[in-house]
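Hi,

Here is the structure I said I'd pass on. Have a look at it first, and then read on for my notes.

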Amino acid sequence: WISWSNTCTLKPDGSVDLVIGTGIDITEKKAMQHDLLQANEELAEQLGAVDQERNLRKQIMETSGAIVLVVDEEGRLIEFNCAAEQATGYERTEVIGQSATLLVPEKLRTVTLAGLKERLAAGTDSSSEYILLRKDGQKRWVTWQNSVYREPLLGRRLLISIGIDITERKKFEEEQQQLFKQIERTFQEIVRERNFRQQILDTAAAIICVADTDGNVIEFNRV
């Protein structure tokens, strides 16, 4: 490829005498322009794919019934979906950039932040149960599935936590435990009463006989 610049000389009568052409080899420049154009096309294609992936990710996050939180290496929230808004009472704009410990009771914040950083450093998947503190002060039990993602460009690690509210299940389990404890206490009381009654029967000087309405003997002491 040659880029030409042309000039001419004139005769005394004003007509063209000579045409002088000056050429510069621009083959390398043309190749660079072609490579640049091709790179721009590839970049545009890649950016389109990134936008498509981002939109798909957002759609998955927003249509999922689970709470989705993404936390950076400093423990700051960088993603917070609709289910998280509903579960916590916070708007997304209120919490993005804030510490994730905002969502746990104050007395648990130090240990929670240490746990988040430990999971990020380990880079392994994990599961846990935590009390989630709502904006209005209510507490909810949430079970979490955690995974660590390393960004390919920046190299930083992100903790992706997907949570399910198990408060109602916890309440049922607690009520069930209370019922079992009550049954156990009642059974122990029955045993104590039965043993006490037997002791009275066995130590009485008189003959004691207890029968039901059909005349069947159900108690008879040693005397």
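Below is what I found, going from the whole chain down to single residues.

First, a caveat: this is a predicted model.

**The chain as a whole**

The chain has 223 residues, and 22% of them count as buried. Its accessible surface comes to about 16,300 Å², with 55% of that belonging to carbon and sulfur atoms. For secondary structure, you'll find five helices and nine strands, and along the sequence they come in the order β-β-α-β-β-α-α-α-β-β-β-α-β-β. If you take the contacts between residues at least 6 apart in sequence, 33% of them join residues at least 24 apart.

**Strand β3 and its partners**

I'd start with β3, which covers residues 67-71. Five of its five residues are buried, so the strand is largely enclosed by the rest of the structure. In a regular strand the side chains alternate between the two faces of the sheet. Here both faces are covered: I67, L69 and V71 are buried on one side, and V68 and V70 are buried on the other.

Which strands does β3 pair with? One is β7 (residues 157-165), joined to β3 in the antiparallel sense over five bridges; in that pairing V71 stands opposite L159. The other is β4, also antiparallel to β3, with three bridges between them. V70 has E79 of β4 as its bridge partner. β3 and β4 make a hairpin with five residues in between, and G75 in the turn has a positive phi of about 85°.

**The nonpolar core**

The largest nonpolar core has 17 residues, and those touching the most other members are I67, L69, L77, F80, L103 and L132. Two or more residues each come from β3, β4, α2 (82-88), α4 (109-122) and β6. β3 gives the most, with three residues.

L132 is a good one to click on. Setting aside neighbours within four places in sequence, L132 is in contact with I67, A87, T88, L103, Q138, K139, R140, V142 and W144. That list includes I67 and L103, which are also among the core members with the most contacts to other members.

**Salt bridges**

How many salt bridges are there? The count is eight, and these are the ones I looked at.

- E79 and R92: their side chains meet at 3.4 Å, N to O. The pair links distant parts of the chain, with E79 in strand β4 (residues 77-80) and R92 in helix α3 (residues 92-95), 13 residues apart. E79 is buried at 16% relative accessible area, while R92 is partly exposed at 34%.
- K135 and E94: the closest N and O atoms are 2.8 Å apart. K135 sits in the loop between β5 (126-133) and β6 (139-150) and E94 in helix α3, so this pair ties together parts that are 41 residues apart in sequence. K135 is partly exposed, with a relative accessible area of 46%, and E94 is partly exposed as well, at 33%.
- D136 and R134: the closest N and O atoms are 3.2 Å apart. D136 is partly exposed at 46% relative accessibility, whereas R134 counts as buried at 18%.
- E129, R169 and K170: these three are linked in a network of salt bridges.

So helix α3 takes part in two of these pairs, through R92 and through E94. E79 also turns up twice, as the bridge partner of V70 and as the salt-bridge partner of R92.

**A buried arginine without a salt bridge**

What is the nearest side chain of opposite charge to R119? It is E118, at 7.4 Å. A salt bridge here needs a nitrogen and a carboxyl oxygen within 4 Å, and R119 has no salt bridge even though it is buried. R119 lies in helix α4. Not counting residues up to four places away in sequence, R119 touches T124, S126, S128, Y130, N146, V148 and L159. L159 is the residue of β7 that stands opposite V71, which brings you back to strand β3.

That's everything from my side.

Cheers

Technical notes
Residues numbered from 1 in each chain as written. Predicted model: local features only at pLDDT ≥ 70, side-chain atom pairs only at ≥ 80, totals over all residues. Heavy atoms only, no water. Helix = DSSP H or I, 4+ residues; strand = E, 2+ residues; numbered from the N terminus. Buried < 20%, exposed > 50% of the residue type's maximum accessible area, 1.4 Å probe, protein only. Contact = heavy atoms within 4.5 Å. Areas by Shrake-Rupley, 256 points an atom, 1.4 Å probe, with all protein chains shown as cover. Pairing = 2+ DSSP bridges. Core = buried A, V, L, I, M, F, W, Y, C linked by side-chain atoms within 4.5 Å. Lys, Arg positive; Asp, Glu negative; His and termini not counted.
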